[in-house]
Structure formats: C-alpha cells, structure tokens
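This report introduces a protein to a reader who has not met it before. Please look over the sequence and the structure shown here, and then read on.

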Amino acid sequence: MEKALLFDNLIKKLDELSATSLSFNENEVVKFLKAETKKQRDLLKKFEDSISSQKWDEALASFILLTQRINIIFIYIFQPANISLLTTESKVSPYIEEYISLASLVISSGVLELRPNLKKIGVESINASITANPPSISLSMVVKSE
C-alpha cells in the first residue's frame, strides 16, 4: 500500500473518534496528531513527486521537513502529561502506536529511496538513527566536496 494512503487511513480513523468519549488530554493529542499527520502526508507526497521528477533539492528538503515534523509529534506525545496515553487503557494508544510504526516506515523507506540516487544528489552517505531519550529521529548526511 502506498505510504500516503497509510497516512490517509490513520487520519480517517482519527476523524471517526468521538471527542465526547475522550478525556481532555486524549482529545488534544488526537487533534494535534490529526493536524500534523495531514502535514506529513503532504510532505511525503511532495518528497515522492520530487524523487519521481528527479528534483533532488526538493526531495531532500521535503524529507528533512518530514523528519522534523515526526520529531515534533514525538516531543508532544512523550511529554509527561501525555505519556500515560501510551498505556493500553487509553482509547488513543492504538492510534499513537500506529503513527509511530508509520513514522518509522516512512523514514526508513525514504532513506532507501534516496540511497540509489546519492551520487546524483551530491551526497556521499545518508543515515537515520533513532534516539530513545528524548525520542527522536536523526538524519546525518555527508555532502560531497567538489
């Protein structure tokens, strides 16, 4: 399944959640997650379009912005006031877990899409790493010197 469709499926699930059945924190997380997921879906589409049309500067910019947006959600979700929402008793924990899996898939596949084109882009290497505390995804690139 296309990765943008996975974002669309998550957005649809978040839309179907009833705000009246959620706690205040759960409702705020759902609103934030939905808004950010839409932005990330759009950045992912821009990234994929840029790869297809070989617009490497746009592809890199979109990918870096997408990673930044993912880190924004991680920062928000893992705040002390929201961390309890990751427990199984929370109504939103399945959606947060789905988002985390989707974010990992998007970043790893993005790196794999960029790797075959590194010479064209002017980059020697690109690496992604996940940090546990605080949770974040880091990208590192070695740019070729000419």
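Does R41 count as buried or exposed? In this predicted model, R41 has a relative accessibility of 17% and counts as buried, a class that is reserved for values under 20%.

## Overall build

The protein is made up of five helices and two strands, and their order from the N terminus is α-α-α-α-α-β-β. Measured out along the principal axes, the C-alpha trace covers about 55 × 30 × 20 Å.

Of the 146 residues in the protein, 42% count as buried. Among the contacts with a separation of 6 or more, 61% are made by residues that stand 24 or more positions apart.

## Surface and charge

About 8100 Å² of the protein is exposed, and carbon and sulfur atoms supply 55% of that area. The side chains include 17 positive and 18 negative ones, and the centres of these two sets lie 3 Å apart.

## Salt bridges between helices

Searching the whole structure gives nine salt bridges. One of them joins K3 to E113, with 3.4 Å between the closest N and O atoms. Because K3 belongs to helix α1 (residues 3-16) and E113 to helix α4 (residues 93-114), this pair ties together parts that are 110 residues apart in sequence. K3 is buried, with a relative accessible area of 14%, whereas E113, at 24%, is partly exposed.

Another salt bridge is formed by R41 and D8, whose closest N and O atoms are 2.8 Å apart. R41 lies in helix α2 (residues 24-52) and D8 in helix α1, so here the parts tied together are 33 residues apart in sequence. The buried R41 is thus paired with a partly exposed residue, since D8 has a relative accessible area of 26%.

## A pair within one helix, and a network

E28 and K31 also form a salt bridge, and their closest N and O atoms are 3.1 Å apart. Because these two residues are three residues apart in helix α2, about one helical turn separates E28 from K31. Both partners are partly exposed, E28 with a relative accessible area of 25% and K31 with a relative accessibility of 45%.

Finally, K3, E48 and E113 are joined into one network by salt bridges that share partners.

How values were computed:
Residues numbered from 1 in each chain as written. Predicted model: local features only at pLDDT ≥ 70, side-chain atom pairs only at ≥ 80, totals over all residues. Heavy atoms only, no water. Helix = DSSP H or I, 4+ residues; strand = E, 2+ residues; numbered from the N terminus. Buried < 20%, exposed > 50% of the residue type's maximum accessible area, 1.4 Å probe, protein only. Contact = heavy atoms within 4.5 Å. Areas by Shrake-Rupley, 256 points an atom, 1.4 Å probe, with all protein chains shown as cover. Lys, Arg positive; Asp, Glu negative; His and termini not counted. Charge placed at Lys NZ, Arg CZ, Asp CG, Glu CD. Salt bridge = Lys/Arg side-chain N within 4 Å of Asp/Glu carboxyl O.
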